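Q: I'd like a close look at how the side chains pack and pair up in this protein. Please walk me through the interior first and then the charged pairs.

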Amino acid sequence: RLGEVVDEKLCKQITAEQDAVSFELEGKRYHSAFCRVINCYLVVPSDSAVMAQVNRSTTVVTMVILLAGIFLSIIWSRLIAYSMTRPLVSLKQIMEQVQDGDLTVRGHTERTDEIGYLYSSFNYMMDMVNQYLEQHKQQYRLAQIAELQLMQAQINPHLLYNSLDSALYLLSSNHSEHSCQVLEELSHYFRLSLQKGSRIVKVGEAIELVKTYLRLQNLCRMKEYRLDVQGDLSVLDVEILHMCMQPIVENSVLHGLDGSYADGVIEISLSRDGDDVLIRIQDNGMGMDDLQLEKLQNRLASTTVLDGGYGLWNVAQRIKIHYGDRYGLTIESELGEYTAVTLCIP
């Protein structure tokens, strides 16, 4: 009890000997020891109230330390659990996005443990899936192009056969000059249609092929079909897929203007719509009723060719494959008036 004056009796008792002693004085118990280093006595009274206070303090401190330890243990365990589960929950959410059809999502983590390995494995798997799908898409596209080119190759032999048949008939009828004109136009037509193997031509070159085709039809069928080109002539320099316009004109000749029509007019209107180019090919033939028009439109919308009439379908599919789904053909018609096919290309 620093600051208190020690009782004389207590002083005599503790200085009697320098060894550590325990003794009672006036009903109180004391513990005494001599500290040689600092040359003084240390006296501790066994006060029950003080000891009780010490015991209570010790109990409180012990409880506080215990509770703090429990609290910190809970917090630490939750932090450890969160650090383990959070990346797994994130990976689960990414997988759910993949289930919904989003194949572009990837997981990102800085961890290098087993969880990091799961992330890298998932990313690698998604890269392989996308690579496989892209390869499959390219193979499917190549197969479509090959199929369409095969169909296109089946169109020209019909024209060749019909033209040669007409030339032979004219020769047998002593119209040799007329027959020579048919063969000259046929030669010019195939020279233009080959285009040295190029799949892309200018609109002007495609129209020149159409003109040659009409001249050949006029000679073979004894008709007077006329071609009228109008509109924005700057479109003539725009590039287009080869053999996209001729099948449409051929369709007009064989179906729109066929029959009793000794002559007819096919108009090609050129225009621009923003970044797109519109090429409208219209004949003044017999046209179609609503049922025929709907049937033709459904045929063009189909991804597989139906029986017969694959000329327009071939053109529509080639445009979609090359330029994208937003491009293609649209058809308008009115029975007894006209049929118009509009090509939309970028």
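A: The chain of this predicted model folds into eight helices and 10 strands (DSSP runs numbered from the N terminus, H or I of at least four residues for helices, E of at least two for strands). Residues are numbered from 1 along each chain as its sequence is written, and side-chain values use heavy atoms, without hydrogens or water. Local features need pLDDT of at least 70 and side-chain atom pairs 80 or more, while totals for chains, interfaces and linings use all residues.

Let's start with the interior. Of the 346 residues in the chain, 33% are buried (buried is under 20% relative accessible area, exposed over 50%, partly exposed in between, with a 1.4 Å probe and protein chains only). Long-range contacts matter for the picture too: of the contacts with a separation of 6 or more, 63% are between residues 24 or more positions apart (a contact is heavy atoms within 4.5 Å).

The largest nonpolar core contains 51 residues (buried Ala, Val, Leu, Ile, Met, Phe, Trp, Tyr and Cys joined through side-chain atoms within 4.5 Å). Helix α5, which covers residues 203-221, gives the most to this core, nine residues in all. Inside the core, the residues with the most contacts are V203, I240, M245, I279, I281 and L343. Take M245 as a place to zoom in: leaving out neighbours within four places in sequence, M245 is in contact with V203, A206, I207 and V210, and also with I240, I268, I279 and I281. There is also a second, separate core, made up of eight residues, with L91, V98, V105 and F122 among them.

While you are looking around M245, have a look at M243 as well. M243 sits in the loop between β6 and α6 (246-256), and its phi is near 60°, a positive value in a residue other than glycine. With a relative accessible area of 6%, M243 is buried. N39 also has phi near 60°, again a positive value in a non-glycine residue, and N39 belongs to the loop between β2 (28-35) and β3 (40-45). In contrast to M243, which is buried at 6%, N39 is exposed at 59% relative accessibility.

Another spot worth a visit is L300 in helix α7, which spans residues 290-301. L300 counts as buried because its relative accessibility is 8%. Apart from residues up to four places away in sequence, L300 touches L312, W313, A316, Q317 and I331. The C-alpha atoms of L300 and W313 are 5.1 Å apart, although 13 residues separate the two along the chain.

Now for the charged pairs. The whole structure has eight salt bridges (a side-chain nitrogen of Lys or Arg within 4 Å of a carboxyl oxygen of Asp or Glu). One of them joins E24 to R29, with 3.7 Å between the closest N and O atoms. E24 is exposed at 57% relative accessibility, whereas R29, at 37%, is partly exposed.

D232 and R272 make another salt bridge, at 3.4 Å from N to O. D232 lies in the loop between β5 (224-231) and β6 (239-241) and R272 in strand β7 (residues 263-273), so this pair ties together parts that are 40 residues apart in sequence. D232 is partly exposed, with 29% relative accessibility, and R272 is partly exposed as well, at 45%.

In a further salt bridge, R326 and D276 meet with 3.1 Å between N and O. Here R326 comes from the loop between α8 (310-323) and β9 (328-334), while D276 belongs to strand β8 (residues 276-283), so the link spans parts 50 residues apart in sequence. The two ends of this pair sit in contrasting surroundings: R326 is exposed at 59% relative accessibility, but D276 is buried at 10%.

If you would like a route through the model, begin at M245 and its contacts, including V203 and I281, then go on to L300 in helix α7, and finish at the salt bridge between R326 and D276.
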